[in-house]
Amino acid sequence: MNRSPKLKPTLWDALVVLAVLALAGLLAARPLFAAKTAGELTVSVSIDGETVERCALSSYEGGVYESRGYTLTVEETDGAVYVASSDCPNQDCVHSGAISRVGQSIVCLPARVAVTLEGAASDYDLIAG
Amino acid sequence: MKIKTRELTLCAVLAALALALSYMESFFPLALIVPLPGVKLGLANIVTLYALYALGFPSALSILLVRCTLGALFAGNASALLFSLLGALSALLVMALLSGAKKLSIFGVSIAGAAAHNIGQVCAAMLTLGSGAPLYYLPFLLLVSLFTGALSGLITACLFRAMAHTPYGMKGENHHG
């Protein structure tokens, strides 16, 4: 089953590029559809898939999270959340920078920590009264 | 199917090459330019793409399995196996499907493979994290895959031109059917 590939780009390849671009665009636009309710953002921190902290961005004061032998320090300034320091080997979470919009996430795979900004947590109003 | 010694040897050489390329990649940290988790050149995909056309799907699959298993073994990281397997398998499946489309060149197939690789890895990340958070990175990873996919497509095209005089080169007319 030896097939000889075309070695020069064809117009049909542009179709593949467009398909990938369309998929990327759709995924990037995903938070726009979800964020109908204008309001406060919610910070959600999960370790190994379990939410360990979830509160309004304005009342979030950062935190230190320990998981799988790694320690992550998450901080908040001017409505943006970022991983200030981590002792994980690849430092992707620190390099990810700050997040400040709905749907954005910072992921630290070695520590299995995910910090996500969600829309207003009206359904889960923890401070009831 | 009877495997020729020559084909078996080529498979072994390609598996070794794929392993070496995966290792070599760490010397070109693309993540320094594009700070995203999981960003890399995906050079090992060159081997998958070449094997798919020159040797066929079964050989490409075996090379891929050897590469992923040994790679994870050398890195001493079991969770890396899930990432590389899911990524590489999605890439192979998509490329195998698209390589049947006669109108696509090796560039289109390679770009689709690179994109599929990222989708597979994001799925692996979502599985290990138990959270949908990694999905946020996917649009950016897909954009990067356009360039990395085109690059590995270009390199594979060069490889086929260079191998044109061998049975495993561009035309493959000397090769058994």
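## Naming the elements

Helices here are DSSP runs of H or I with at least four residues, strands are E runs of at least two, and both are numbered from the N terminus. Keep in mind throughout that this is a predicted model.

## A buried helix in chain B

With that naming in hand, take α2(B), which is mostly covered: 11 of its 11 residues are buried. The list runs Ala44(B), Asn45(B), Ile46(B), Val47(B), Thr48(B), Leu49(B), Tyr50(B), Ala51(B), Leu52(B), Tyr53(B) and Ala54(B). What does the covering? It includes α1 (5-24), α3 (57-75), α4 (78-99), α5 (106-129) and α6 (138-162) of chain B. Just past the end of α2(B), Gly56(B) takes a positive phi of about 100°.

Asn45(B) is a handy residue to zoom in on, sitting in this helix, which spans residues 44-54. Its relative accessibility is 8%, so Asn45(B) counts as buried, the cut-off being under 20%. Setting aside neighbours within four places in sequence, Asn45(B) is in contact with Ala91(B), Met95(B), Gly113(B) and Ala114(B).

## Chain A at a glance

Over in chain A there are two helices and seven strands. Read from the N terminus, the order is α-β-β-β-β-β-α-β-β. Of the 129 residues in chain A, 37% count as buried. The accessible surface of the chain comes to about 7,200 Å², with 57% of that belonging to carbon and sulfur atoms. As for reach along the sequence, take the contacts in chain A between residues at least 6 apart: 32% of them join residues at least 24 apart.

Ser67(A) gives a closer look at the strands, lying in β3 (residues 63-67) of chain A. Is Ser67(A) buried or exposed? It counts as buried, because its relative accessibility is 8%. Not counting residues up to four places away in sequence, Ser67(A) touches Ile47(A), Ala111(A) and Val113(A). Pro5(A) is another story: C-alpha to C-alpha, Ser67(A) and Pro5(A) are 48 Å apart in space, with their positions 62 residues apart in sequence.

## Where the two chains meet

Chain A and chain B bury about 3,600 Å² between them, and 66% of that is on carbon and sulfur atoms. The contact draws 38 residues from chain A and 51 residues from chain B. On the polar side, 11 residue pairs across the interface are in polar contact, both partners being at pLDDT 80 or more. How many salt bridges join chain A and chain B? The count is zero.

Which elements of chain A give two or more residues to the side that touches chain B? They are α1, α2 (92-95), β6 (105-108) and β7 (113-118) of chain A. α1(A) gives the most to that side, with 11 residues.

## A greasy spot on the surface

α1 of chain A turns up again outside. Leu11(A), Trp12(A), Leu15(A), Leu18(A), Leu21(A) and Leu143(B) form a nonpolar patch on the surface, together offering about 630 Å² of accessible area. Helix α1 (residues 11-34) of chain A gives the most to this patch, with five residues. A bit of helix geometry is worth recalling: an α-helix has 3.6 residues a turn, so residues three or four places apart point the same way.

Leu18(A) is one of the patch members, and it lies in helix α1 of chain A. It counts as exposed because its relative accessibility is 53%, and the bar for exposed is over 50%.

## Two salt bridges

Side chains of opposite charge can pair when their charged atoms come close. Over all chains, the structure holds two salt bridges. In one, Asp48(A) pairs with Arg68(A), with the closest N and O atoms 3.2 Å apart. That pair links distant parts of the chain, 20 residues apart: Asp48(A) is in the loop between β1 (42-47) and β2 (50-56) of chain A, and Arg68(A) is in the loop between β3 and β4 (70-77) of chain A. Asp48(A) is partly exposed, at 39% relative accessible area, and Arg68(A) is also partly exposed, at 48%.

Arg54(A) forms a salt bridge with Glu118(A), where the closest N and O atoms are 2.5 Å apart. Here strand β2 of chain A supplies Arg54(A) and strand β7 of chain A supplies Glu118(A), linking distant parts of the chain 64 residues apart. Arg54(A) is partly exposed, with a relative accessible area of 25%, and Glu118(A) counts as partly exposed at 25% relative accessibility.

Technical notes:
Residues numbered from 1 in each chain as written. Chains lettered and ligands numbered in written order. Predicted model: local features only at pLDDT ≥ 70, side-chain atom pairs only at ≥ 80, totals over all residues. Heavy atoms only, no water. Patch = residues over 30% accessible without salt bridge, like charges linked within 9 Å, V, L, I, M, F, W, Y side chains within 5 Å. Areas by Shrake-Rupley, 256 points an atom, 1.4 Å probe, with all protein chains shown as cover. Salt bridge = Lys/Arg side-chain N within 4 Å of Asp/Glu carboxyl O. Buried < 20%, exposed > 50% of the residue type's maximum accessible area, 1.4 Å probe, protein only. Contact = heavy atoms within 4.5 Å. Buried area = accessible area lost by both parts, 1.4 Å probe. Polar contact = N/O pair within 3.5 Å; in protein donor to acceptor, adjacent residues only side chain to side chain.
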